[in-house]
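These are my notebook entries on one structure. I wrote down what I looked up, one topic at a time.

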Protein chains: 2
Amino acid sequence: MRRTRVTSFDVAEAAGVSQSTVSRALAGSPSITEETRARVEAAAATLGYHVDARAARLRSGRTGTLAVVVVGRAGFDPTRVSGFHYALLGSTCAAAAECGYQSLVSFQSEQGSFSWNYVAQGQADGLVVMGTSVNRAAWNDLLETAPEGPVAVWGAPFDDDRWVRASNFEGAVMAVERLVSAGYRRIGFLGTVDSEHPQFAERYEGYRDTLVRHGLPVSDPLEVLGDDRVAGGRDAIARLLAAKQPPDAVFAANDAIALGALEALDREGVRVPEDFGVIGFDGLAAGVHSHPPLTTIEPDFAEAGRALVSRICDPDEEPTRRVPVRLIERGSVRAPR
Amino acid sequence: MRRTRVTSFDVAEAAGVSQSTVSRALAGSPSITEETRARVEAAAATLGYHVDARAARLRSGRTGTLAVVVVGRAGFDPTRVSGFHYALLGSTCAAAAECGYQSLVSFQSEQGSFSWNYVAQGQADGLVVMGTSVNRAAWNDLLETAPEGPVAVWGAPFDDDRWVRASNFEGAVMAVERLVSAGYRRIGFLGTVDSEHPQFAERYEGYRDTLVRHGLPVSDPLEVLGDDRVAGGRDAIARLLAAKQPPDAVFAANDAIALGALEALDREGVRVPEDFGVIGFDGLAAGVHSHPPLTTIEPDFAEAGRALVSRICDPDEEPTRRVPVRLIERGSVRAPR
DNA sequence: ATGAAAGCGCTAACAG
DNA sequence: CTGTTAGCGCTTTCAT
């Protein structure tokens, strides 16, 4: 076994150049002859040398790392994180990699142990926070801590200049247009609209505007109770069907609610999509296997990841705040008439 | 703004102690008076001081970080990673956090850009690799690269001493026992059994043993073609139902296959679970919303995460190779008779 | 229990 | 284009 780590000095000696030349060559500095670089790389390869990230980071002051925090529901382990946030996590890590950044990931949900100070501690160059708006304690803590360095946020129940969101209004318009084109006429909205759910409020506006434009009746948002969206969607449908004149379609504020709605509708024997249309929002993978498969509005995850990451990697760029969405046709809305 | 970073020297001065005392106090060294520690902590708090991870890591040689690589299917972005691996990723990060480790996460799928050398580069103290056995190129690359440092693996299609797996045999026994107890008698197995799928082979053995023990007929494994397990499960059912004497239940080698099977069965008008039982393996979240909801064998994700992480954090411990599983009753198997 | 001093391996400023 | 030099901020002996 080698007694000590191979350093850039060893490579320098083997290649017959100075240590700083090794550093420059391996860092891809343009002011190095290709011939020298080749010699250095060859020497590095034979010696099995790798730049020590610890030393490089100390000296340069940079980390090349992004801290990514996924906020979950209090009391639930990371295994129960929504598929939406997993997908967003994946595309964020991919976008970070595109910019040459690594991703330091943590799942946080419990009050008293939140930690956002990655930049101050020299562990990352910036922070991306994503997760459920339901965990107020987490978002409040983020607001109070005011971590150093650039921050980008998805899912927070507050408005500041760091959030990135789906084009909720436009998505809602697409969703409701789709229902209208299928001939549904009494279209409800499933989801609590209040200051804690700015994304739902935006979707409700798109819903309302579209119905008004078509001269169709607009309902108040039907509140979805509890933090468990699926259960909330189930209950909401029960209440909805008990009404004097129930709707013949719903736009659910998100896919979890829609999945719950689908379950309840099936149990009540309502035929979807023939007699009742359902459309969701989020593009959840679970919607592929529901009964029927869930038609939904999906944000462009790759763009979402890029938008979050670019706030940190390209701080001079004009930040993207809205991510485009598209309609995913599955089976919970009947064909256009 | 402060002109330069607050260092341990600043804290030392403010607290009236030496710099090394600051280091010891904040690192929790036992050889420091509680009184001194309190003074140091107070000073650090007022100055807004945080230990610089870059410097600490360079000096100590440790990183306090685990590299976690999620291997995906070639050509697919991280958004399409199986929910199983997302859940395992989450519980691995949680287990790492329990041991005081952070998680450097990357999603890798493309040949030519695999990277496992986190330990050699001083970016992590160990490596956890998880993902689909289908990406041969990735696993071969891992084998060839032979990265430095401790490694733990989930999902690899090879046998060496680094893997951790579910108790596949025992889980298969539980699954088939459940089908037998419900009165199904011609029980098939859905899944390709070969050297590329050691976990499927183990599940098939549990299937076969259980049927033999009950004196029931054993089928050969029904091959599931292609890398898309859901499509493969659909096709397999089509072939199965075309047989002279089709089975009245299947144990699917995993939930993705089972979900495809459920779809095909529904399309063919076969009533599940009344006339046909289906049970899967993995505990996929999507199975909650399938039609009917999928009964399955779920590994203990928290234990799985701990087993992977402990190979790196507690290298002296006897490594856990098998993770316990449990039966999740949903709706694709009828009640026991 | 605390202080003094050394140095981890590298990048970057400055010469040449 | 390449070499020389000086630290980055901390942990860890070694003293006391």
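**Entry 1: one arginine.** I began with Arg178(A), where a polar atom of the side chain lies 3.0 Å from the backbone oxygen of Arg334(A). I noted that this is a predicted model. Arg178(A) is part of helix α7 of chain A, which runs over residues 168-181. Is Arg178(A) buried or exposed? Its relative accessibility is 7%, so I put it down as buried, the cut-off being under 20%. I then looked up its contacts, leaving aside neighbours within four places in sequence. Arg334(A) is in that list, together with Ile279(A), Leu327(A), Glu329(A), Val333(A), Ala335(A) and Pro336(A).

**Entry 2: domains.** I checked how chain A is divided. The domain assignment gives domain 1 as 8-60, domain 2 as 65-165, and domain 3 as 168-299 + 322-328. Taken over C-alpha atoms, the centres of domain 1 and domain 2 of chain A are 36 Å apart.

**Entry 3: helix α10 of chain A.** I wanted to know whether the length of this helix fits its residue count. Helix α10 covers residues 255-267, which is 13 residues, and at 1.5 Å a residue it should span 18 Å. Its end C-alpha atoms are 18 Å apart, so the two values agree.

Next I looked at burial. Of the 13 residues of α10(A), 10 are buried, so the helix is largely enclosed by the rest of the structure. The buried ones include Asp255(A), Ile257(A), Leu259(A), Leu262(A) and Leu265(A). What covers the buried residues of α10(A)? I found that the cover includes helices α8 (198-213) and α9 (229-241) of chain A. It also includes the strands β6 (187-190), β7 (249-252), β8 (277-281) and β9 (295-299) of chain A.

I looked at both ends as well. At the start of α10(A), a side-chain oxygen of Asn254(A) comes within 3.1 Å of the backbone nitrogen of Ala256(A). Just after the helix, Gly269(A) has a positive phi of about 80 degrees.

**Entry 4: DNA strand C.** I counted 28 residues around this strand, the closest being Gln19(A), Ser23(A), Tyr49(A), Thr21(B) and Arg24(B). Of the strand C atoms that come within 4 Å of the protein, sugar and phosphate make up 56%. For the backbone of the protein, I noted two contacts to phosphate oxygens of strand C: a polar backbone atom of Ser8(A) at 2.6 Å, and one of Asp52(A) at 3.5 Å. A base oxygen of strand C is 2.4 Å from a polar side-chain atom of Arg24(B). By class, the surface near strand C has 7 nonpolar, 14 polar and 7 charged residues. In each of chains A and B, helices α2 (19-27) and α4 (53-60) supply at least two residues apiece to that surface.

**Entry 5: DNA strand D.** How many residues surround DNA strand D? I found 26, and the closest are Ser20(A), Thr21(A), Arg24(A), Ser23(B) and Tyr49(B). Sugar or phosphate holds 52% of the strand D atoms within 4 Å of the protein, and the rest belong to bases. A base oxygen of strand D is 2.3 Å from a side-chain N or O atom of Arg24(A). Phosphate oxygens of strand D lie 2.9 Å from a backbone N or O atom of Ser18(A) and 3.4 Å from one of Asp52(B). The elements giving two or more residues to the surface near strand D are α2 and α4 of chain A and α2 and α4 of chain B. Among these, α2(B) gives the most, with 4 residues. The classes here are 7 nonpolar, 12 polar and 7 charged residues.

Key:
Residues numbered from 1 in each chain as written. Chains lettered and ligands numbered in written order. Predicted model: local features only at pLDDT ≥ 70, side-chain atom pairs only at ≥ 80, totals over all residues. Heavy atoms only, no water. Expected span 1.5 Å × (residues − 1). Buried < 20%, exposed > 50% of the residue type's maximum accessible area, 1.4 Å probe, protein only. Contact = heavy atoms within 4.5 Å. Polar contact = N/O pair within 3.5 Å; in protein donor to acceptor, adjacent residues only side chain to side chain. Domains from an automatic or database assignment. Near = heavy atom within 4 Å. Nonpolar A, V, L, I, M, F, W, Y, C, P; charged D, E, K, R; others polar.
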